[in-house]
Amino acid sequence: MKKRYWIMGALLLLAVVLCLAAGSGNMEKKVRKEFLQNRETLCSGMEAYFGGKGDLTDTGNWKAVNHWSGRHEMVEYVTGARGDTYYGFYYSPDRVPLAFQNVDVSLVWEKDRWTWKGEGDNSGFTKQMEAEWYYFEASF
């Protein structure tokens, strides 16, 4: 009987570990799907915003939308969070990959993404989805 409970516990633990490991890839798929479902509204919203004929509330209903200035500006859409990791996408009118909240850190190309490292354990990556649109993950 004890052996049976031990096996069930081990299987449950394995299932939890596998779900956590697959979580990041699933978030990227989810964010990309949200982006594609709202692409037309987002693109017209950015055109109006940067043309001085609209504001960020014209771009949909997101957890957070922020305009970050800097050498290259960005409009960032936070779509969700899991623990200390934030997920979302951003618009870069200059088509330049940027770090979360446009923090001034170096980005390094690795395989299919640009990675960055900030102070302490702050880190993340970004991937281009379309011309001016990028996916991001940022962990703290």
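**Figure 1. Helix α2 lies across five named strands, β1, β2 (74-82), β3, β6 (123-130) and β7.** In this predicted model, α2 runs at about 140° to β2. The helix itself takes in residues 39-50, and the view here takes in the strands it crosses: β1, β2, β3, β6 and β7.

**Figure 2. Seven strands make an open, antiparallel sheet.** Reading across it, the order goes β1-β2-β3-β7-β6-β5-β4. The two edges belong to β1 (64-68) and β4, and each has a single partner strand, so one side of each goes without a neighbour in the sheet. From one strand to the next, the twist averages 25°.

**Figure 3. A look at how β3 pairs with β7.** Strand β3 covers residues 85-91, while β7 covers residues 133-139. Seven bridges hold the antiparallel pairing in this view. To get your bearings, pick out Gly88: its bridge partner in β7 is Phe136.

**Figure 4. Phe50, a residue of helix α2, and the residues it touches.** Which residues does Phe50 contact once its neighbours within four places in sequence are left aside? They are His67, Glu73, Val75, Tyr91 and Pro93. Take Pro93 as one case: 43 residues separate it from Phe50 in sequence, yet the C-alpha to C-alpha distance is 8.8 Å. Is Phe50 buried or exposed? Neither label quite fits, because its relative accessible area is 32%, which makes it partly exposed; buried would call for under 20%, and exposed for over 50%.

**Figure 5. Gln101, a non-glycine residue with a positive phi.** The angle comes out at about 55°. You'll find Gln101 in the loop that links β3 (85-91) and β4 (107-110). With a relative accessible area of 34%, Gln101 is partly exposed.

**Figure 6. Lys111, another non-glycine with a positive phi.** Here phi is about 60°. Lys111 sits in the loop between β4 and β5 (113-117). Where does Lys111 stand on accessibility? Its relative accessibility is 81%, so Lys111 counts as exposed.

Conventions:
Residues are numbered from 1 along each chain as its sequence is written. This is a predicted model: local features need pLDDT of at least 70, side-chain atom pairs count only at pLDDT 80 or more; totals for chains, interfaces and linings use all residues. Side-chain values use heavy atoms; hydrogens and water are left out. Helices (H or I, at least four residues) and strands (E, at least two) are DSSP runs, numbered from the N terminus. Buried means under 20% relative accessible area, exposed over 50%, partly exposed in between (1.4 Å probe, protein chains only). Contact means heavy atoms within 4.5 Å. Two strands pair if DSSP finds at least two bridges between them. Axes are lines fitted to C-alpha atoms, for helices over the stretch in contact, and angles run from 0 to 180 degrees between N-to-C directions.
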